[in-house]
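Subject: Structure handover

Hello,

Here is the structure for you to look through. Please open it first, then read my notes below.

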Amino acid sequence: MSDSTPATKSRKPIFLTLLGIATCAGMLSMPVIAGPPNGEAMPDMMRFLGRFHPVILHLPIGILTLALLMEFGSLFTRNAASTRGIMFFAAATSVIAVIAGFLLFQSDLEADVTDRSIRHLWGGIAFSCVTILAYIVKSWTDAGASAAWFYRFLLICSAGVMGFASHDGASMVHGADYLSKYAPPALKPLLGGKVEEPKDPAAVADPLVYESIVAPMMEEKCWKCHNVEKIKGKFRMDSYELLLKGGADGAGFVAGDASKSNIVIRCELPIDDDERMPPDEKPGLTEEQLTVIKWWINAGASNTVKLSEANAPAEVAAIIAKQAPVVKTTAAAETPAVAPAANDKQRDDLKAAVTTVQKTFPGAVQFESQASTGLTFTAVSMRGKFNDDDTAKLGPVIPSLVSADFSASLITDKSLVLLSSASGLRTLRLSETPITDAGLDTIAKMASLESLNIYGTQITDAGLQKLSALPQLKRLYVWRSKVTPAGVEELKKKLPQCVIEMGI
Ligand code: HEC
């Protein structure tokens, strides 16, 4: 980089221009030459260098922003300093960020190659190329060419491309709704978010087939080995997209054809087959669960279809009614018999409370069934957000809860104290929350609890033993917690009827 004093005005930046063009050409051809990523074939050094991408990428963003601000300022002053030097650093650091990002893309073992990651790669390269171009044009302007407005135009383009590329990057790391999630409703559609329509609070739970019926079955029998930390067979099953994407053997399922779907094939193998899932003759999906999963796949494996729209044949409907707590239709028989009139009155009283809560958390609370006075709650659309203050807002509906899903929310032991009035709770999901052993004191008093989900928490053996006071407990999920096999054994002695899923 030569300085930009008037003395050098006549020197044309030809070498620089050629170098810039060559760099752009190099970056543009990189993905084409390298072909699709194959993480395993790459040396660790590439992975190591690639991981600097998230650090470096902020440099060109900051530097370019500075150049933009200075250029804007120069509109109002006569002797503003040239932004050429700054643009050199913006261009150079953008190239480094692109190369590191490219290494990350090519070498990361867990890389999810999605449309978004490919778009992000090209977006990053485009950003770098426009920045280089802007720098070249600025060099020519400083050398006497009259292209100041073209330079400013390129600067703005560069900032625009940067916006798109970094939005894709952020969405890859933090989830697609990162920006739109808390945006004011008027802005949401612009940012690609969904505006949630408040649902009719009196509506009976009409669950999504995948999310409420199929996924919980796999959560129970498969996720402990196929999750974010354990990716057996390079296969994660803990989201619809990853399930579809599959693992080393290809897609997890073929929509419309269960018999060609890996998840079904693997589960239907004879129990002593090495490839059967789960391995080592561990108890897997039951016949009934497999029937439901096969039906779901054959019907197109949608992740948006609701139970009411899915036209489940009688056999499947019967299994679903029996299995999934949210759609239990036998609830009335399980809750103490109430005279119909009293039941109606209770429902009417509750409706007001439900409506209030629905205003704050649309769609989160619903009646378990038409006749029941039991309520279901799910924080699934508020993962990573729902916290203790929010639990407090559930106040009046808490005593009527029969099923509550707080998985991956931010609730702590404080919320569990608030839930102590939920004496009829049968299903409670607290996986991946910051709860600790202390919180289990309240849970140990929920005498109706049948299923408890505390995987991915800090619960230890000491906390686990508190659950021995739960006579109805039939299912307990504890993998990725601090619980040890010895702790599980001890609890099993006290709760022989309870299936404790521990992972391996
Ligand atoms: C105890 C751990 C464990 C459990 C539980 C488990 N798996 Fe696996 N799974 C593995 C291991 C290990 C592999 C890799 C070895 C292999 O391919 O057989 C694997 C591989 C697979 C594969 C092949 C992935 C690929 O593309 O190579 C599929 C499909 C699969 N599992 C489905 C399931 C299903 C469905 C369930 C639940 C019913 C399940 N697994 C439960 C350990 C487990």
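We start with a definition: a residue is buried under 20% relative accessible area, exposed over 50%, and partly exposed in between (1.4 Å probe, protein chains only). At 27% relative accessibility, Lys 466 therefore counts as partly exposed. Lys 466 belongs to helix H18, residues 461-466. Helices here are DSSP runs (H or I, at least four residues), numbered from the N terminus. In sequence, Lys 466 and Ile 443 are 23 residues apart; their C-alpha atoms are 8.6 Å apart in space.

Some background. This is a predicted model, where local features need pLDDT of at least 70 and side-chain atom pairs count only at pLDDT 80 or more, while totals for chains, interfaces and linings use all residues. Residues are numbered from 1 along each chain as its sequence is written, and side-chain values use heavy atoms, with hydrogens and water left out.

Next, Thr 442. Helix H17 (residues 440-443) contains Thr 442. Is Thr 442 buried or exposed? Thr 442 has a relative accessible area of 10%, so it is buried. A polar atom of its side chain lies 3.1 Å from the backbone oxygen of Gly 439.

Now the ligand. It is surrounded by 23 residues, counting a residue as near if one of its heavy atoms lies within 4 Å. Cys 222, Cys 225, His 226, Asp 249 and Met 277 are the closest. Helix H10 (residues 262-268) gives the largest share of this shell, four residues.

Which residues have polar atoms by the ligand's oxygen atoms? A polar backbone atom of Asp 249 is 2.6 Å from a ligand oxygen. For a polar side-chain atom of Arg 266, the distance to a ligand oxygen is 2.8 Å. A polar backbone atom of Gly 233 is 3.4 Å from one.

Last, the cysteines. A disulfide is a covalent bond between the sulfur atoms of two cysteines. The cut-off used is a pair of cysteine sulfur atoms within 2.5 Å. How many disulfides does a search of the whole structure find? Zero. Cys 129 is in none; the nearest cysteine sulfur, that of Cys 24, is 3.8 Å away. Cys 129 counts as buried because its relative accessibility is 13%. Why does Cys 267 not bond to Cys 222? The sulfur of Cys 222 is the closest cysteine sulfur to that of Cys 267, but at 5.7 Å it is too far for a bond. Cys 267 also counts as buried, at 16% relative accessibility.

Best wishes

Key:
A polar contact is a pair of N or O atoms within 3.5 Å; within protein, one must be able to donate a hydrogen and the other to accept it, and residues adjacent in sequence count only if both atoms are side-chain atoms. Helices (H or I, at least four residues) and strands (E, at least two) are DSSP runs, numbered from the N terminus.
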